[in-house]
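Grab your viewer and a coffee. Below are a few exercises, each with a solution worked step by step.

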Amino acid sequence: MKIRVLMIDDHRLFLAGLEDILSREEDFEVAGVAGSCREGMTLALEKRPDVIVLDLAMSETSGVEAARIFSEALPGVRMAALTMYLDRQMVFEALKSGMTGYILKEATPEEFLFALRVIARGETWLSPKVATLVANDFVRQGDQKGASEPALSEREREVLHLLVKGAGTREIAGKLNISKSTVDTHRRNILDKLGCENVTCLTRYALRHGLVDLDE
């Protein structure tokens, strides 16, 4: 089954480039392209895409505002920000709005396609620079809060770092030279310690509950 993607960005030439990239892939279908959130909403309701890719800085309605509307109108739809901004507050607001992807526009076509496939599976994907920003803040805040925060082992932190970057079980097992069942055990322990249900919740928790300093 193909991944049907709707893309919303007020730069038409940029959209044409993305459309060309997706049209070359057998597992993707362009459900539509829109130059504004209003146009995008009309297309979304008509086409019912699997994934919506949104620019965050559009003139009429911001991507975050649009994502909140999409979340209510199309429950279950996956959404990703596609932006040039590497900014803590914007990452936080994007994830809070219901997006499960944050892709920087400096991404390569291969990275963009990989991200969409991860997001379409219902998982979270952040561009490497964004993931590093979030993970570093998470670890630093954990160190600062000391015993007041759940303690993660060194291995759990390694697994956490890879999870936030969007790595799957097999990839994590390969990079850390451990079994997939061990990865699953670490993931369960991390989620239990932080009181989260999934990786999306984990990332949001890190940003929303004092583990990430948004003012720095």
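**Exercise 1: strand E4 and its neighbours**

Work out how strand E4 (residues 78-83) sits in the fold: five of its six residues are buried, so the rest of the structure largely encloses it. Then find its partners.

*Solution.* Ground rules come first. This is a predicted model, where local features need pLDDT of at least 70 and side-chain atom pairs count only at pLDDT 80 or more, while totals for chains, interfaces and linings use all residues. Residues are numbered from 1 along each chain as its sequence is written, and side-chain values use heavy atoms, leaving out hydrogens and water.

Now the terms. Buried is under 20% relative accessible area, exposed is over 50%, and partly exposed is in between (1.4 Å probe, protein chains only). Helices (H or I, at least four residues) and strands (E, at least two) are DSSP runs, numbered from the N terminus. Strands pair if DSSP finds at least two bridges between them.

- Step 1: E4 pairs with strand E3 (residues 51-54) in the parallel sense over four bridges, and Val51 has Arg78 as its bridge partner in E4.
- Step 2: Between E3 and E4 the chain passes through helix H3 (residues 63-73), in a right-handed β-α-β crossover (clockwise from the first strand over the helix to the second, with the strands pointing away from the viewer).
- Step 3: E4 also runs parallel to strand E5 (residues 101-104), joined by four bridges; here Leu82 stands opposite Ile103.
- Step 4: With helix H4 (residues 88-96), E4 and E5 make a right-handed β-α-β unit.

**Exercise 2: the core**

Which residues have the most contacts inside the largest nonpolar core?

*Solution.* A nonpolar core is a set of buried Ala, Val, Leu, Ile, Met, Phe, Trp, Tyr and Cys residues joined through side-chain atoms within 4.5 Å.

- Step 1: The largest one has 46 residues, and Ile52, Phe70 and Tyr102 have the most contacts inside it.
- Step 2: Helix H7 (residues 154-164) gives the largest share of this core, five residues.
- Step 3: Apart from this core lies another, of 20 residues, including Phe28 and Val51.

**Exercise 3: the aromatic pair**

Classify the aromatic pair of Phe114 and Trp125.

*Solution.* Rings of Phe, Tyr and Trp (its six-membered ring) pair with centres within 6.5 Å; planes under 30 degrees apart are stacked, over 60 edge-to-face, the rest tilted.

- Step 1: The centres are 6.5 Å apart and the planes 75°, making the pair edge-to-face.
- Step 2: Phe114 is partly exposed at 38% relative accessible area, whereas Trp125 is buried at 4%.
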